[in-house]
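Reader: Hi! I work at the bench and like to know what charged side chains are doing before I go any further. Could you take me through the salt bridges here, one by one, and then show me what lies around them?

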Amino acid sequence: MNIGEQIKNFRLLRRMSQADVAKVVHRSPNVISNWERGLNTPDVEIVDQLCELFKVTPNMMYGWDTCPELDDFLSEKAQLIDEMDEMIKQKELLEQQIKSHAEKISRRR
């Protein structure tokens with residue numbers, strides 16, 4: 001995982017917006033977005049500020065060490081995405097069944 005993905009994950013873990021992070025490190029939200037998308041990377045001084053903000057070590061920020069709290073967060077996020085995908089499939093199936101029943105009813109008339 002690159003530092004941009006780590007910044008995004010830690011930001012989401014801390015329930016912060018890009019604007020919230022931008023205020024702390026005195027950059028624009030667009031700069032934070034560029035970091036998260038891998039278009040740029042923060043300077044070392046900014047990484048130190050981000051570590052302080054997110055309460056992590058530089059090794060965690062660079063993905064060299066694991067962060068159990070982040071691992072749990074990402075695992076829960078993946079599980080929620082799987083559950084949401086299943087719900088979407090169920091919704092689509094129900095919509096097809098409703099459409100089929102509606103067509104049957106309209107043919108009876």
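**A close look at the salt bridges**

Author: Happy to! Let's begin with Arg11, which counts as buried because its relative accessibility is 8%, and the cut-off for buried is under 20%. Please keep in mind throughout that this is a predicted model.

What does Arg11 pair with? The partner is Glu36, and the closest N and O atoms of this salt bridge are 2.5 Å apart. Arg11 belongs to helix H1 and Glu36 to helix H3, so the bridge ties together parts of the chain that are 25 residues apart in sequence. Is Glu36 buried or exposed? At 10% relative accessibility, Glu36 counts as buried, and Arg11 is buried too, at 8%.

How many salt bridges does the whole structure have? The search finds 4, and the Arg11–Glu36 pair is one of them.

Another joins Arg14 to Glu69, with 2.9 Å between the closest N and O atoms. Arg14 sits in the loop between H1 and H2, while Glu69 is in helix H6 (residues 68-108), so this pair ties together parts that are 55 residues apart in sequence. On the question of cover, Arg14 is partly exposed, at 25% relative accessibility. Glu69 is partly exposed as well, with a relative accessible area of 41%.

The bridge between Lys91 and Glu95 has its closest N and O atoms 2.9 Å apart. Here both residues are in helix H6, and because they are 4 residues apart, about one helical turn separates them. Lys91 is partly exposed, with a relative accessible area of 49%, and Glu95 is partly exposed at 40%.

Now for the surroundings, starting with the nonpolar side chains. The largest nonpolar core holds 20 residues, and those with the most contacts inside it are Phe10, Trp35, Leu50, Phe54, Val56 and Met61. Which elements give two or more residues to this core? They are H1 (3-13), H2 (18-25), H3, H4 and H5 (58-61). H4 provides the largest share, 5 residues. So H1 and H3 turn up twice in this tour, since Arg11 and Glu36 lie in them and both helices also give residues to the core.

One of those core residues, Val56, leads us to Cys67. The C-alpha atoms of Val56 and Cys67 are 7.9 Å apart, and the two residues are separated by 11 residues along the chain. You will find Cys67 in the loop between H5 and H6. If you keep an eye on cysteines, note that Cys67 is buried, with a relative accessible area of 9%.

Let's go back to the loop between H1 and H2, where Arg14 lies. Arg15 is in this loop too. It is not a glycine, yet its phi is positive, at about 55°. Arg15 counts as exposed because its relative accessibility is 77%. In the loop between H2 and H3 there is His26, another residue that has a positive phi of about 55° although it is not a glycine. His26 is exposed, with a relative accessible area of 64%.

Where do charges gather on the surface? A negative patch is formed by Asp43, Glu45, Asp48 and Glu52. Asp43 is placed in the loop between H3 (29-36) and H4 (44-54), and at 45% relative accessibility it counts as partly exposed.

Finally, take a look at the start of the chain. Met1 is found in the segment before H1 and is exposed, with a relative accessible area of 58%. Its C-alpha atom is 9.1 Å from that of Trp64, a residue 63 positions further along the chain. Asn2 also lies in the segment before H1, and at 40% relative accessibility it counts as partly exposed. Between the C-alpha atoms of Asn2 and Arg37 there are 9.8 Å, with 35 residues separating the two in sequence.

To recap the three bridges we walked through: Arg11 and Glu36 link H1 with H3, Arg14 and Glu69 link the loop between H1 and H2 with H6, and Lys91 and Glu95 pair up within H6.

Key: Residues numbered from 1 in each chain as written. Predicted model: local features only at pLDDT ≥ 70, side-chain atom pairs only at ≥ 80, totals over all residues. Heavy atoms only, no water. Patch = residues over 30% accessible without salt bridge, like charges linked within 9 Å, V, L, I, M, F, W, Y side chains within 5 Å. Areas by Shrake-Rupley, 256 points an atom, 1.4 Å probe, with all protein chains shown as cover. Salt bridge = Lys/Arg side-chain N within 4 Å of Asp/Glu carboxyl O. Lys, Arg positive; Asp, Glu negative; His and termini not counted. Charge placed at Lys NZ, Arg CZ, Asp CG, Glu CD. Buried < 20%, exposed > 50% of the residue type's maximum accessible area, 1.4 Å probe, protein only. Core = buried A, V, L, I, M, F, W, Y, C linked by side-chain atoms within 4.5 Å.
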